[in-house]
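Colleague: I am new to this structure and would like a close look at a single part of it, the aromatic residues and the core around them. Please go through that part slowly and explain each term as you use it.

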Amino acid sequence: MTPVAHRICLWMGHVLTFIYLVGWLCAGFLPIPGPDWPAEKLATWLFEHKTLYQFGCLLMLVAGGLLAPWGAALAIWTRKTEVRFPVLYVAQITSLAASTALFVIIPIFWALASFRATEISVEITQMLYDAGWFLFLWVGPPFYIWVATLGLGIVLNPPEHQLYPRWIGYYCLASVLCWSMGLMMVFFRFGPTSYSGMLP
């Protein structure tokens, strides 16, 4: 393994987080325009904030691609802990690939919602915007599997071969439980369980 390449891939996690958060702020997702907004209000808001909103979506798209090298740099260390049947490593890599694809697709739907805002039916604009949030919060299982297998790879590793602090494994498993709140968003359009709510 090339140490320099590995360090660069590990740093992609910091770069990804920074770029994604800047994109999130540029898109105006603080506070999040919620599912209770009328279609006309959402279309008007997207049109009025179009340039900055689309720039934010572009940043999130770029950040999404950085998930792959960062996740690979994490997975390689749990691979070293599995000897004959590296099933957790394979599960990490396959779910990471699916997660990266989904992570890149999410801002595409948000950007599509603004592309012809006020030129097409406001209901279509709203549907594309909603689709972005469904992808962001409701297609979590590949992410859950990725992080859970990373966590299990750390927790199940014998202490004498520990490469990560053990608490990180438990933190990964707890994160999956927290993220699963996003699955409730399909049932609610208002309140703390909607896609703009606190729990998801």
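Modeller: What follows begins with the whole chain and then turns to the core and its aromatic rings.

This is a predicted model, in which local features need pLDDT of at least 70 and side-chain atom pairs count only at pLDDT 80 or more, while totals for chains, interfaces and linings use all residues. Residues are numbered from 1 along each chain as its sequence is written, and side-chain values use heavy atoms, with hydrogens and water left out.

The protein has 8 helices and 0 strands, where helices (H or I, at least four residues) and strands (E, at least two) are DSSP runs numbered from the N terminus. Its C-alpha trace spans about 60 × 35 × 25 Å along the principal axes. Of the 200 residues, 42% are buried; buried means under 20% relative accessible area, exposed means over 50%, and partly exposed lies in between, with a 1.4 Å probe and protein chains only.

The largest nonpolar core (a set of buried Ala, Val, Leu, Ile, Met, Phe, Trp, Tyr and Cys residues joined through side-chain atoms within 4.5 Å) has 43 residues, and those touching the most other members are Phe29, Tyr53, Met60, Trp110, Tyr129 and Trp133. Two or more residues of this core come from each of helix H1 (3-26), helix H2 (39-48), helix H3 (50-65), helix H4 (67-79), helix H5 (87-115), helix H6 (122-138), helix H7 (141-155) and helix H8 (166-179), and H7 gives the largest share, 7 residues. Trp133 touches Trp24, Phe29, Ile32, Trp110, Trp138, Met185 and Tyr195, leaving out residues up to four places away in sequence; a contact here means heavy atoms within 4.5 Å.

The structure holds 20 aromatic pairs. Rings of Phe, Tyr and Trp (its six-membered ring) pair if their centres lie within 6.5 Å, and planes under 30 degrees apart count as stacked, over 60 as edge-to-face and the rest as tilted. One of these pairs joins Trp24 and Phe136, which are tilted, at 5.4 Å centre to centre with 40° between the planes. Trp24 belongs to helix H1 and Phe136 to helix H6, so that this pair links distant parts of the chain, 112 residues apart. Trp24 is buried, with a relative accessible area of 14%, whereas Phe136, at 28%, counts as partly exposed.

A second example is the pair of Phe29 and Tyr53, which is edge-to-face, with 6.0 Å centre to centre and 80° between the planes. Because Phe29 lies in the loop between H1 and H2 and Tyr53 in helix H3, the pair ties together parts that are 24 residues apart in sequence. Both rings belong to buried residues, Phe29 having a relative accessible area of 1% and Tyr53 one of 0%. Ring pairs also link Tyr20, Trp24, Phe29, Trp37, Trp45, Tyr53, Phe103, Trp110, Tyr129, Trp133, Phe136 and Phe143 into a cluster.

Tyr129, a member of that cluster, is also among the H6 residues that meet H2: Ala39, Glu40, Leu42, Ala43 and Leu46 in H2 meet Val122, Glu123, Thr125, Gln126 and Tyr129 in H6. One residue of this contact, Thr125, is buried, with a relative accessible area of 1%, and is in contact with Ala43, Leu46, Ala113, Ala117 and Ile120, leaving aside its neighbours within four places in sequence.
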